[in-house]
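Biologist: I'm new to this one and would like to learn how to read it. Could you walk me through it, feature by feature?

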Amino acid sequence: MGSIFIARHGETVWNLEGRIQGHSDISLSDKGKQQAQALARRLSDVSFGAAYCSDLSRTTETAQIVMEGRSAPLQRTAELREYSKGVFEGMTEPEYKTKYPELHQASLVNDLDFAPPGGETIRQASARMGAFISEIQQRHPDDTTLIVGHGGSLRAAIVALLSLPLEANWKFAMGNCALSVIATYPNNAVLHLYNDTSHLNGWG
């Protein structure tokens, strides 16, 4: 049996402003760094055999804080990036609703194949994350593994781990620096914890 500890990155200024991030490389805010430090304290007694994070700054910074002083190397990979939001990136919802009204309306429908121009569909992101998760399970069947990523792509990873239909992507929410834990078996995965932010002590 293995365990996968899944954590979303800490808060960024764009999170606070409600701006779409996607592949845009935005660093942690001061609050985000505090959240990552709180997560590090929460996980201080966990011995990780492997650790992975997205190659974007907000996830790398979060993972580096959590893994500081640990022996397992932190492996950065573009496979763990948030799914691309194309022309929506950098804008708030009111802004892209005004600039792209038809695209905004299309984005409100639960369509696995919708993506703004230059972006990635949920189906595409799910295929990417499913392949990544399968590789992790094969590479670390008995390890305790840390994965630090983004809200959307991590939801797709959890859907893949739990063998849920792709439509389940719309059934999950994930807060900044929230922790989820899944136990993995040769032919099954069991969700033990989801979207837990109790370690943030009111930081949200």
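**Reading the pocket, the helices and the salt bridges**

Modeller: Let's start with the largest pocket: 33 residues line it, and Ile 20, Tyr 83, Lys 85, Tyr 96 and Arg 155 lie nearest its centre. Keep in mind that this is a predicted model.

Biologist: What volume does the largest pocket have?

Modeller: About 820 Å³.

Biologist: And which helix gives the most to the lining of the largest pocket?

Modeller: That's α7, with 3 residues. Both α4 and α7 supply at least two residues each to that lining.

Biologist: Let's pick one of the residues nearest the centre, then. Where does Arg 155 lie?

Modeller: Arg 155 lies in helix α7.

Biologist: Is Arg 155 buried or exposed?

Modeller: To answer that, you look at relative accessibility, and under 20% means buried. Arg 155 comes out at 19%, so Arg 155 counts as buried.

Biologist: Which residues does Arg 155 touch, leaving out those up to four places away in sequence?

Modeller: Asn 169, Phe 172, Ala 173, Met 174 and Tyr 194. You can also check distances: Arg 155 and Ile 136 are 19 residues apart along the chain, and their C-alpha atoms are separated by 16 Å.

Biologist: Ile 136 sits in another helix, I take it, so let's go to α6. How many residues does α6 have, and how far does α6 reach?

Modeller: Helix α6 runs over residues 122–139, which makes 18 residues. From first C-alpha to last, α6 reaches 25 Å, close to the 26 Å expected at 1.5 Å a residue.

Biologist: Which residues of α6 are buried?

Modeller: The general idea comes first: an α-helix has 3.6 residues a turn, so residues three or four places apart point the same way. Now the case here: Ile 122, Ala 125, Ser 126, Arg 128, Met 129, Phe 132, Ile 133 and Ile 136 are the buried ones in α6. They cover an arc of only 165° around the axis, so they sit on the same side of α6.

Biologist: And what is on the other side of α6?

Modeller: There you find Ala 127 and Gln 138, which are exposed.

Biologist: What do the buried residues of α6 pack against?

Modeller: Four strands and a helix, if you go down the list: β1 (2–8), β2 (50–54), β3 (74–77), β4 (144–149) and α7 (151–161).

Biologist: Let me try the same reading on α3. Which residues of α3 are buried?

Modeller: In α3, residues 57–67, the buried ones are Arg 58, Thr 59, Thr 60, Thr 62, Ala 63, Val 66 and Met 67. Their cover includes β1, α2, β2, β3 and β4. Just after α3, have a look at the backbone too: Gly 69 takes a positive phi of about 80°.

Biologist: On to charges. How many salt bridges does a search of the whole structure find?

Modeller: The search finds 8. When you read one, check the distance between N and O, then ask how exposed each partner is and where each partner lies.

Biologist: Which residue forms a salt bridge with Glu 17?

Modeller: Arg 19 does, and the closest N and O atoms are 2.9 Å apart. Glu 17 is partly exposed at 42% relative accessibility, and Arg 19 is partly exposed at 24%. Arg 19 also meets Glu 95 in a salt bridge, again with 2.9 Å from N to O. Arg 19 lies in the loop between α1 (13–17) and α2 (30–42) while Glu 95 lies in helix α4 (residues 93–99), so this pair ties together parts that are 76 residues apart in sequence. Glu 95 is partly exposed as well, at 34%.

Biologist: What about Asp 113 and Arg 123: how far apart are their closest N and O atoms?

Modeller: They are 2.7 Å apart, in another salt bridge. Asp 113 is in the loop between α5 (101–107) and α6, and Arg 123 is in helix α6, 10 residues apart. Going back to the earlier pairs, shared partners join Glu 17, Arg 19 and Glu 95 into one network.

Biologist: One last residue: is His 199 buried or exposed?

Modeller: His 199 is buried, with a relative accessible area of 8%. His 199 lies in the segment after β6 (188–196). Apart from neighbours within four places in sequence, His 199 is in contact with Ala 38, Leu 39, Arg 42, Cys 177 and Leu 179.

How values were computed
Residues are numbered from 1 along each chain as its sequence is written. This is a predicted model: local features need pLDDT of at least 70, side-chain atom pairs count only at pLDDT 80 or more; totals for chains, interfaces and linings use all residues. Side-chain values use heavy atoms; hydrogens and water are left out. The expected span of a helix is 1.5 Å times one less than its number of residues. Buried means under 20% relative accessible area, exposed over 50%, partly exposed in between (1.4 Å probe, protein chains only). The arc is that of the directions from the helix axis to the C-beta atoms. Contact means heavy atoms within 4.5 Å. A salt bridge is a side-chain nitrogen of Lys or Arg within 4 Å of a carboxyl oxygen of Asp or Glu. On a 1 Å grid over the protein atoms alone, a cavity is a set of points where a 1.4 Å probe fits but cannot get out, and a pocket is an open set with protein on both sides within 12 Å along at least five of seven lines; lining residues have an atom within 4 Å of a point. Grid points are joined across faces, edges and corners, and a volume is the space filled by probe spheres set on the points.
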